[in-house]
Structures are given as C-alpha cells and as structure tokens.
Amino acid sequence: MAKVFVYDQYTNNLLIYQLSENDVMPYAYGTTMRVREFRGSSNSSVLWTTTRAMEAWNLTRRSYGKGIYIGYAFKRIWEGGHGTASQHYAGVSFDVGQNVSSSERQRIWNAANNTGAWGYVEPISMTPTWVHFDRRYGTPACAGTTSGYPTLRRGAVSTYVLVLQDALNVLGYTTYTLDGRFGANTERAVRAFQSNFGLSVDGIVGCNTWKKLTAAAVGIGRTQSVID
C-alpha cells in the first residue's frame, strides 16, 4: 500500500489516497499509469504528484495512442538518483520510453511536445535513450533558471512543501509531519537550518536556502528522522 498525495492547483489543496501497487494513479486516464509505474525505483511508502501533471500525462497518452513505458518518475530527495533541484522529487517529472526504438521515442516526444501541457519537454538530443517531460509550476527562487523550486513561506501548500519537509526531516530538522503544508513547525525547522548553515534566518525558503538544503539532503539515504 502507498499513501499518495495529489496537489490540486485549482483548489490549492492536497488530496490523500491509500492505494495498492496495481491501483491506477489518481486522475490518470484509464489504466495508463498505475501506482507501481509512477513509483518506479522508489522504495517510499509515501508518493506525491499534482492534478496538472496527471492531466498532461492524459493528453500525451491519448495523443500517442498506446502504452508508454515509464522508467523513472517519483523519487524522494534522500533517495537521490537525480540532481539537487530535480522535478522528480516534486512528483511532476517522467522519464519514459526506455524500452522502445529511437523512432518510437521521437513519436512520444512529439506527442508530449505537441500537447503544450508540459512545462518542459527536454530536447531529444539530450536524452538519447529516453524521453523526459515535466509539469513544473511556480517561479523558481533562483534567477536565471527554469528548473529550480519556487520560494516558499509560511502558508504555502504544494508538493514543493513536501520536498522541503522531507529534506528538513532527513537532516534532523523535524517538521513533525509530512503533509505539504508550510505551518509553524516547518517554519521553525527552516529557521534552525538557516541558522546552522550561515543563512539569513527569516523562515523563507529562497534561492540560497534551497541550494544549501538540497545539496545537504540529496541522495544521503533514509535516516531515523525521516517521516512517512
């Protein structure tokens, strides 16, 4: 069984599902994506994504017209496997088509790109054996990039808050919960982290805090302070 958070950007709310590995992901079209496919190589009992990522998937799958193999989708930041600001940790990124020919990958890329629904479809020249697309959202905290995480402060609700809480918890700055809601405990944990890492202690997760936090947390493995 997996606990699956789905952030609904239309209502600014997080929906929670308890699903088995063979259940269809919430909001996914037909049976085109099951929990085990979205999970990929993650061993987490808690997963998250967004309604808009699922909608973009649905449009791509309908356009392509047949099954799309998902090699990598969700990862928690301490599991690593991707860069420090990867959209895989936010549950909105997909690497697909690893088991098909280059011509079929081109068809998948075309289907994804033509929907206009993804925030980013990576140029196929950069992904010779897979197709990458993601439905990132928000304005990156760090200027000059489109791939980073947005500035977060108290009151925020999103899968990026889940990434934030997860990173803080694995490092021992407990938020006491993993719920995607930036409340008082999460702010206290942010301030403690900022103080210990020589950052401005304002409780706001901007560019510098994200850089320090993700660099410290990515790929370090599960610790006793991780919350599920």
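This tour visits one helix and then a group of paired strands in a predicted model.

**Helix 5**

Begin by selecting residues 184-196, which form helix 5. At 1.5 Å a residue, these 13 residues should span 18 Å, and the end C-alpha atoms lie 19 Å apart, which agrees.

Next, show the side chains of T186, E187, A189, V190, F193 and Q194, the buried residues of helix 5. Now turn the view to look down the axis of helix 5: the buried residues fall within an arc of 160 degrees, so they line one face of the helix. In general, an α-helix has 3.6 residues a turn, so residues three or four places apart point the same way.

What covers the buried residues of helix 5? Select residues 159-170 and 207-217 to see part of the cover, which includes helix 4 and helix 6 respectively. On the other side of helix 5, select R188 and N196, both of which are exposed.

Finish this stop at G198, just after helix 5, where phi is positive, at about 70 degrees.

**Strand 7 and its partners**

Move to residues 131-134, which make up strand 7. Here V131 and F133 point one way, while H132 and D134 point the other way. Are these residues buried or exposed? All of them are buried.

Add residues 93-96, strand 5, which runs antiparallel to strand 7 and is joined to it by 4 bridges. Within this pairing, F94 has F133 as its bridge partner.

Lastly, select residues 120-121, strand 6, which is also antiparallel to strand 7, with 2 bridges between them. In this pairing, V121 stands opposite F133.

Technical notes. Residues numbered from 1 in each chain as written. Predicted model: local features only at pLDDT ≥ 70, side-chain atom pairs only at ≥ 80, totals over all residues. Heavy atoms only, no water. Expected span 1.5 Å × (residues − 1). Buried < 20%, exposed > 50% of the residue type's maximum accessible area, 1.4 Å probe, protein only. Arc of directions from axis to C-beta. Contact = heavy atoms within 4.5 Å. Pairing = 2+ DSSP bridges.
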